[in-house]
Amino acid sequence: MTFLRMSELDLTNKRVLIREDLNVPLAAGEVSNDTRIRAALPTLARALETASQVIVMSHLGRPSEGVAVAEQPEFSLAPVARQLSQLLNREIPLISDYLGGSMDIGSERLVMLENVRVNLGEKSNNAGLAKAYAKLCDVFVMDAFGTAHRAQASTHGVAEFARTACAGPLLAGELDALERSLASPERPMLAIVGGAKVSSKLEVLNNLAGIVDQLIVGGGIANTFLLAKGFNIGQSLCEPGLVATATALMARTHIPLPTDVVVAKSFRGDAEATVKSVADLADDDLILDIGPESCESLAVLIGESSTLLWNGPMGVFEFDRFAGGTRRLARAIADSRGFSLAGGGETIAAIDKFGITESVSYISTGGGAFLEYVQGIELPAVAMLKSRG
Ligand code: AMP
């Protein structure tokens, strides 16, 4: 891919501005999960080896634009700066006053800027704001894959105006993994797309149908495909308006459907779970998971694939009685010798729940950005880096 990488640059005596995604969950004013902060550490450490100053910027939550952090302190990056200070064992000043005339961000080697989303013009990618960010540095490093699908001043505009703009190791790693899976996959290539609705993954399914050798569908999504095949799916979640779309997708690529399912009479965690053949459903049945026979045949397909892309659960995995399908396929993905890439919020929750984090080749950190990439959309921040590269 034709963009400049931070690893290709000599940062000696340079002021380096790094956009990270440090939008972490907080509880009682402290960071409750620091995964994203830890993920950024290698980038920061590498830049600190030679740069004269490393300036980290990020957003946190959705504050009001144009309102100072002092007036909405729940959106301050102070807890993140404290956690980062602890992890790096050094004091990291958090700078609020970094725009406008003075732009005095001190001479510390590593500083953090307050939440970029309070700056007027951040979301609209205002050129004046982007230029103000660019003035802070000699080199701009875009390392926030999770926000690469947004053209905002701190993710896109700044890269246009900075003297040099490049991709950081985290962003480059994500793009390399995605390219390996989608642009030049080792075959056979298999995608597993689960989740609630076809409509929310329509573009994902469309794009993948043109790339993969096989496409496993699961969760509520599979129900619409079963309906398209003429099965009675009872009261299961489905989208009758997308039956024609499901039929068209099945004509384009091989989509193995579940042959058995786990059903209940109500959408509850304590509802009685019954395994049934897809041909035997009653009018009041609700499909809440794929069945054991389907799991085993899909696990074989997973085992035979050289490239795997996974997004979305196979059933209502939040309820233990209906988590079996997602658990079994997660295990098959973990055991696979192929290259596996997984992404999306619910998918990462499932990976955590079933303890397979270490066994997936690459877990994407970007929910929306991951899905947009898988839809075949060029991410604006990446397009900008390419144009600068
Ligand atoms: P998504 O955000 O589209 O990936 O959807 C994830 C959600 O789909 C999870 O919260 C699951 O509980 C839900 N889901 C999976 N399978 C089914 C199903 N068969 N019926 C209803 N909801 C489902």
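**Notebook: sheets, backbone exceptions and ligand site**

I began with one strand pair: strand 4 (residues 53-57) and strand 6 (residues 110-113) run parallel and are joined by 3 bridges. Within this pair I looked up Val54 and found that its bridge partner in strand 6 is Leu110. I note here that the model is a predicted one.

I then traced the sheet to which these strands belong. It is an open sheet of 6 strands in the order 5-6-4-1-7-8, with parallel pairing. I looked for the edges and found strand 5 (94-95) and strand 8 (164-167) there; each has a single partner strand, so one side of each has no neighbour in the sheet.

**Second sheet**

I next followed an open sheet of 5 strands, whose order is 10-9-14-15-16 and whose pairing is parallel. Its edges are strand 10 (214-217) and strand 16 (362-363); because each has a single partner strand, one side of each is left without a neighbour in the sheet. I examined one pairing in this sheet: strand 14 (residues 307-311) and strand 15 (residues 339-342) pair in the parallel sense over 4 bridges. Opposite Trp310 I found Ala342 in strand 15.

**Backbone exceptions**

I checked the backbone for departures from a general pattern: most peptide bonds are trans, and most residues other than glycine have a negative phi.

Which peptide bond did I record as cis? It is the bond from Arg187 to Pro188, with omega near 5°. I placed Pro188 in the loop between helix 5 (169-182) and strand 9 (189-193).

For phi, I recorded Asn13, which is not a glycine yet has a positive value of about 60°. Asn13 lies in the segment before strand 1 (15-19).

**Ligand site**

I turned to the ligand and listed the residues around it. There are 14, and the closest are Ala196, Lys201, Gly219, Ile287 and Glu318. By class, the shell divides into 7 nonpolar, 4 polar and 3 charged residues.

I then looked up individual distances to oxygen atoms of the ligand. For Ala196, a backbone N or O atom lies 3.1 Å from a ligand oxygen atom. For Lys201, a polar side-chain atom lies 3.0 Å from an oxygen atom of the ligand. For Glu318, an N or O atom of the side chain is 2.4 Å from a ligand oxygen atom.

How much of the ligand's accessible area does the protein cover? On its own the ligand has 510 Å² of accessible area, and the protein covers 81% of this.

I also looked up the space that the ligand takes, and it is the second largest pocket. Helix 7 (219-228) and strand 13 (286-290) are the elements that give two or more residues to the shell around the ligand. I note that Gly219 and Ile287 are among the closest residues to the ligand.

Terms used. Residues are numbered from 1 along each chain as its sequence is written. This is a predicted model: local features need pLDDT of at least 70, side-chain atom pairs count only at pLDDT 80 or more; totals for chains, interfaces and linings use all residues. Side-chain values use heavy atoms; hydrogens and water are left out. A residue is near a molecule or strand if one of its heavy atoms lies within 4 Å of it. A polar contact is a pair of N or O atoms within 3.5 Å; within protein, one must be able to donate a hydrogen and the other to accept it, and residues adjacent in sequence count only if both atoms are side-chain atoms. Accessible areas come from the Shrake-Rupley method with a 1.4 Å probe; for residues, only the protein chains shown count as cover. On a 1 Å grid over the protein atoms alone, a cavity is a set of points where a 1.4 Å probe fits but cannot get out, and a pocket is an open set with protein on both sides within 12 Å along at least five of seven lines; lining residues have an atom within 4 Å of a point. A molecule sits in a cavity or pocket if more than half of its atoms lie within 2 Å of its grid points. Ala, Val, Leu, Ile, Met, Phe, Trp, Tyr, Cys and Pro count as nonpolar, Asp, Glu, Lys and Arg as charged, and the others, Gly among them, as polar. Two strands pair if DSSP finds at least two bridges between them.
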